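Work through the exercises below with the coordinates open. Each task is followed by a worked solution.

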Amino acid sequence: MAKLMKLEVLTPEKLLVKREDISYVLLNTVNGGVGILANHSPMIAVLGEGTLKLQDKDNQVILVYVEGGFAEVKDNQVVILTPRAQKAENIDVSKYQQIRQEALARLEHPDALTDVEHTEKILRRAEARLKTASLVGKVPSYPVGE
């Protein structure tokens, strides 16, 4: 049986995920992906917008969109602090496709009131959510060491 660790995903509004049976975590840091197994050395990482991949003891994959934040790995526990997070299966794909289209249109034809930087952020977040949702059922699990 794989060694397990605890994991929490927290936003200011709620505790989105709390598990004690996680065998693998793939963090999307600002410097690239970082894989975490049980008994990983302590670390703190800055997260980028994107997909957090969790794998439980039964090799079931759980995908969560995180909007940046921080990850702390310590004492066989991973804590994710993020301004916003959403489980992949709860992402409203049509809503974020619409937001993406509106942001693209604003960027293609900006006017004097268009905040380009803010609109690019909206676009990036919508695309990250859509990518996370598109991975449901497509991301393989990996056998984690005994």
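A nonpolar core is a set of buried Ala, Val, Leu, Ile, Met, Phe, Trp, Tyr and Cys residues joined through side-chain atoms within 4.5 Å. Buried means under 20% relative accessible area, exposed over 50%, partly exposed in between (1.4 Å probe, protein chains only). The model is predicted: local features need pLDDT of at least 70, side-chain atom pairs count only at pLDDT 80 or more, and totals for chains, interfaces and linings use all residues. Residues are numbered from 1 along each chain as its sequence is written, and side-chain values use heavy atoms, with hydrogens and water left out.

**Exercise 1.** Find the largest nonpolar core and the elements that feed it.

Step 1. The largest core holds 20 residues. V25, L52, L54, V64 and I80 have the most contacts inside it.
Step 2. Two or more residues come from each of β1 (5-10), β2 (15-29), β4 (43-56), β5 (61-74) and β6 (77-81). Strands (E, at least two residues) are DSSP runs, as are helices (H or I, at least four), numbered from the N terminus.
Step 3. Another core, of seven residues, lies apart from it; I91, Y96, A126 and A128 are among them.

**Exercise 2.** Is R129 buried or exposed, and what does R129 touch?

Step 1. R129 sits in helix α2 (residues 116-134).
Step 2. Its relative accessibility is 8%, so R129 counts as buried.
Step 3. Beyond four places in sequence, R129 contacts (heavy atoms within 4.5 Å) Y65, E67, R84, Q86, I91 and Y96.

**Exercise 3.** Place A85.

Step 1. A85 belongs to strand β7 (residues 85-87).
Step 2. A85 is buried because its relative accessibility is 12%.
Step 3. The C-alpha atoms of A85 and L15 are 9.7 Å apart, with their positions 70 residues apart along the chain.
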